[in-house]
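Subject: A structure for you to look at

Hi there,

Here is the structure I promised to pass on to you. Have it open while you read, and follow along residue by residue.

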Amino acid sequence: MYFQALFLFSLVIISSSQAAVLDFCVGDLSLPDGPGGYACKKPSKVTADDFVFSGLAATGKIIPLIKAAVTPAFAPQFPGVNGLGISMARLDLAISGVIPMHTHPGASEVLYVVQGEICAGFISSSDNKVFFKTLKQGDIMVFPQGLLHFQINSGKTSALAIISFSSPTPGLQITDFALFANDLPTELVAATTFLDAALIKKLKGVLGGTN
């Protein structure tokens, strides 16, 4: 039993050592994503194009409801970042555009304002303290992992920001959609949010929820 355990431990150490010395693990998008990211693409199949992404050069498609667009450069779009603990995105905010209260369960976020003016902030989980600031061109703000945060175009022109994340797949949950874009019965939403049932039904109608 002792030698069997020692053998298994040695295999773990060897596997860990091999993983540690890999230069990269370009994601194989033909295979499913998992908790540890995508499986590595065969090295013989890797090209320079795997490490280049040009999708942030153009303005994203603005969503009318929020007057904003987010163009991601996450592992599914940019397999070269798979396993590296980083990714980026482009944020376009039309006049009065807003990214509603949301959270990234898997990553901290850094936002850099390229043009325009953005009011951004987050809420702490310990005492619900709010930290917000109006950001100008050249300003940077950080949003700790998992905390609720938002961005609003507070200027008179469109705004542009570049965002970096501490994960190739940061995840996203938008509070409004989590509450009102599903089939959770209105009475349960009312009981857990203290909102009026009529307002909940209205929000469900806007966001595509039912019940």
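Let's start with one lysine and the residues around it. Leaving out residues up to four places away in sequence, K204 touches L179, F180, N182, D183, L184, T186, V189, G209, T210 and N211. Please keep in mind that this is a predicted model.

Where does K204 sit, and is it buried or exposed? K204 belongs to helix 4. Its relative accessibility is 3%, and since buried means under 20%, K204 counts as buried. You can also check a distance here: the C-alpha atoms of K204 and A181 are 5.9 Å apart in space, although their positions lie 23 residues apart in sequence.

One of the residues that K204 touches is L184, so let's turn to that one. L184 lies in the loop between helix 2 (175–180) and helix 3. With a relative accessible area of 34%, L184 is partly exposed. Beyond residues up to four places away in sequence, L184 touches V189, K204, T210 and N211. For a longer span, try L184 and P35: they are 149 residues apart along the chain, and their C-alpha atoms are separated by 27 Å.

N211 appears among the contacts of K204 and among those of L184. You will find N211 in the segment after helix 4. Its phi is positive, about 65°, although N211 is not a glycine.

Next, the two helices in this part of the chain. At what angle do the axes of helix 3 and helix 4 cross? Helix 3 covers residues 186–193 and helix 4 covers residues 197–207; their axes cross at roughly 115° and come within 9 Å. This crossing is right-handed. On the helix 3 side of the contact are T186, V189, A190 and T193, and they meet A197, I200, K201 and K204 from helix 4. Sorted by type, the residues of this contact are four nonpolar, two polar and two charged.

Between helix 3 and helix 4 there is a loop, and F194 lies in it. F194 has a relative accessible area of 77%, which makes it exposed. Like N211 above, F194 deserves a look at its backbone: phi of F194 is near 65°, a positive value in a residue other than glycine.

Now to the cysteines. How many disulfides does the model have? The count comes to one disulfide. A disulfide is a covalent bond between the sulfur atoms of two cysteines. Here the partners are C25 and C40, with their sulfur atoms 2.0 Å apart. The torsion about their S-S bond is about -110°, so the disulfide is left-handed. C25 and C40 both lie in the loop between helix 1 (2–20) and strand 1 (68–73), so the pair ties together parts that are 15 residues apart in sequence. As for accessibility, C25 is buried, with a relative accessible area of 17%, whereas C40 is partly exposed at 39%. Another cysteine to find is C119, which is buried with a relative accessible area of 15%.

Two more residues are good practice for reading loops. G80 lies in the loop between strand 1 and strand 2 (87–93). It is buried, with a relative accessible area of 5%. Which residues is G80 in contact with, leaving aside its neighbours within four places in sequence? They are V26, D50 and F51. G80 and T59 are 21 residues apart in sequence, and their C-alpha atoms are 22 Å apart in space.

D139 is found in the loop between strand 6 (130–135) and strand 7 (140–143). D139 counts as partly exposed, at 30% relative accessibility. Neighbours within four places in sequence aside, D139 is in contact with L111, Y112, V113 and T134. From D139 to K156 is 17 residues along the chain, and their C-alpha atoms are separated by 17 Å.

Finally, step back to the whole chain. The domain assignment gives domain 1 (49–57 + 64–171) and domain 2 (178–207). Taken over C-alpha atoms, the centres of domain 1 and domain 2 are 27 Å apart.

Have fun exploring, and write back with any questions.

Best wishes

Terms used: Residues are numbered from 1 along each chain as its sequence is written. This is a predicted model: local features need pLDDT of at least 70, side-chain atom pairs count only at pLDDT 80 or more; totals for chains, interfaces and linings use all residues. Side-chain values use heavy atoms; hydrogens and water are left out. Domain bounds come from an automatic or database domain assignment. Axes are lines fitted to C-alpha atoms, for helices over the stretch in contact, and angles run from 0 to 180 degrees between N-to-C directions. Helices (H or I, at least four residues) and strands (E, at least two) are DSSP runs, numbered from the N terminus. A crossing is left-handed if the near helix is turned anticlockwise from the far one by less than a right angle, and right-handed if clockwise. Contact means heavy atoms within 4.5 Å. Ala, Val, Leu, Ile, Met, Phe, Trp, Tyr, Cys and Pro count as nonpolar, Asp, Glu, Lys and Arg as charged, and the others, Gly among them, as polar. A disulfide is a pair of cysteine sulfur atoms within 2.5 Å. Buried means under 20% relative accessible area, exposed over 50%, partly exposed in between (1.4 Å probe, protein chains only).
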